[in-house]
Amino acid sequence: MTMVTPPHITHLARRERWSRAEIAFWLAWLAVYFLLPKHLMFAAQILITGLFALSLDLILGYAGIVTLGHAAFFGLGAYTAGLLTKVGVIEPVLGLFGAALVAGTFGFLTSFLVLRGRDLSRLMITLGIGLLLFELANRLTDITGGVDGLQGIAVGKVLGLFEFDLFGKTAYLYVLVVSFGLFVVARALMTAPYGLSLRAIRDNQQRAVAIGIPIRVRLTNIYTLGAVIAGVAGALLTQTTQFVAIDSFGFQRSADLLIMLLIGGTATLYGGFVGACAFLIAQNWLSSINAEYWLFWLGILLIVATRYLRGGVIGGMAKLAALRPMGKKA
Amino acid sequence: MTAVLRTEDLCKSFGGLKVTQKVNLSLEAGARHALIGPNGAGKTTLINQLTGVLRQSSGSIWLNGEDISHLPPYLRVSRGLARTFQINSLFPKLTPLEAVTATICERDRDSLSVFDRRLFPLTRRRAEIDEAYDLLARLNLADVCSRATHELAYGKQRLLEVALAMAVRPRVLLLDEPAAGVPEGESDEMLAVLAEMPRDISILLIEHDMSLVFRFAERITVLVSGAELVSGTPAEIAADERVQEVYLGKHRG
């Protein structure tokens, strides 16, 4: 190095550099493949949910758009991937593209409805759109299978090369690669000038307009991207479980997702994955003790998380790290 | 002289309330123009129409000979019309450096590729960051440029208001009470900043602090009840009886 980097540049670069914790996070998912071979289906489910939560983080955490109907895009992706196999498109990656296209188009079109209003009307409109799709899936039994869900989905080899096996090994790696790929894209977007403009919009819309940010365009854009990633997450679930349940569209799914993201921490990129981990493992464990009391514990978890854990698990860990700056330097 | 910013019979009413009445404001190139008037005279409403946040009821607004009456706000900004806010309107969680860099990247977005804007990290925009840093340094904000904006002292936040508007590289700058809330005696720092602004920026200043107005402005327009009462040089305004009546009449009794 010939020139010393000025401190203000170093400060900006901190947000961009891959930290050790981040690298460890993704290596851990790789380690799961080797260390927990019996739990790969469950781990894949966590990853898919985490990816879905990441898509919500982009629009809620980074752009500040509140929604209670994000499952609409997940469901659209899930059904699209399922229906594509019925018409002969059995290659999974093509299925992902199809799901992304359908969910993204729907996201783009509904963004104009959603972005018009303020927070409360956004909640109601997104909720309404979610209910609408749920009822459609319920009624169009010929296409969707109605309440029984879409069954008998035969998924082909990934890229025509890797066949899904009974133990979920291929499925897990497939989900991991797709999730990581989309995460890298999302991370790049958020550390680019584009992400900075979104943070500006979330912080102060009035001023964002006054410094020349076309906020309508930017929000439509990120909302569409959130829909695309949610659609891909839905498609991944269809392909790895070979089944689409009608609750893909369910209100519960949107609500759970919001809870996971808040537990994990918003606008952190990792909050969704961490929240999905915590939520699904807690659900699995607590409901194995007593299925009926799961919601009781969830209630306590929610109150504690929002009351005492501002910024979620990620925010809490960042605070812990800040408490001992000496240790960090070493 | 050619007008950089001009309004033509600008009117705005909310229901029956007329808040802007046939205002014909003209800002010449390099102007140091102040807009004064008692509370409720419609000064901020006028600014909001100029920037496009409010739509005028009738009349038109011209910037550099172009009718901008129906342009959305962000396009007026990209044509060189910037503003500051009377009450701080900043980005609390961003650092000043991030906020100013964001403004510059936005200003230059047409010359950046889609990869530069969306996929490559912000620190690759060294030219933009350096420009932002220099601007902040000129406004005495270099030492706090990497701290979250909400942690900044009030006076520093006032300066950041100006920095954000300057980052647009404006042709016309609308300053809405830049010294509002700044304690007496400390407004000198703001005046020094304003006095150093290059002459290719035309400035419209709204201000209650009369000492600042008379030290800074070369032309003054007095707005009363949404209508223009009088325009003139500071000396003419100071001597004008109608102005004295508006400002002092009630107290003289």
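The radius of gyration is taken over C-alpha atoms, and the globule rule is 2.2 Å times the number of residues to the power 0.38. The structure is a predicted model, in which local features need pLDDT of at least 70 and side-chain atom pairs count only at pLDDT 80 or more, while totals for chains, interfaces and linings use all residues. Residues are numbered from 1 along each chain as its sequence is written, and chains are lettered from A, ligands being numbered from 1, in the order in which they are written.

**Exercise 1.** Determine whether the radius of gyration of chain A agrees with that of a compact globule.

*Solution.* For 330 residues the rule gives a value near 20 Å, and chain A has 20 Å, so the two agree. Along the principal axes, the C-alpha atoms of chain A fill a box of roughly 65 × 50 × 45 Å. Buried residues, meaning those with 20 or more other C-beta atoms (placed from the backbone) within 10 Å of their own, make up 45% of the chain.

**Exercise 2.** Describe the surroundings of strand E10 of chain B, residues 219-224.

*Solution.* Begin with burial: five of the six residues of E10(B) are buried. Next, consider the pairing, for which DSSP must find at least two bridges between two strands. Strand E4 of chain B (residues 32-36) pairs with E10(B) in the parallel sense over four bridges, and B:Ile36 stands opposite B:Val222. Strand E11 of chain B (residues 227-232) pairs with E10(B) in the antiparallel sense over five bridges, with B:Leu223 opposite B:Glu228. Finally, the hairpin of E10(B) and E11(B) has two residues between the strands, and B:Ser225 takes a positive phi near 50° there.

Definitions and conventions. Buried ≥ 20, exposed ≤ 12 C-beta atoms within 10 Å, placed from the backbone.
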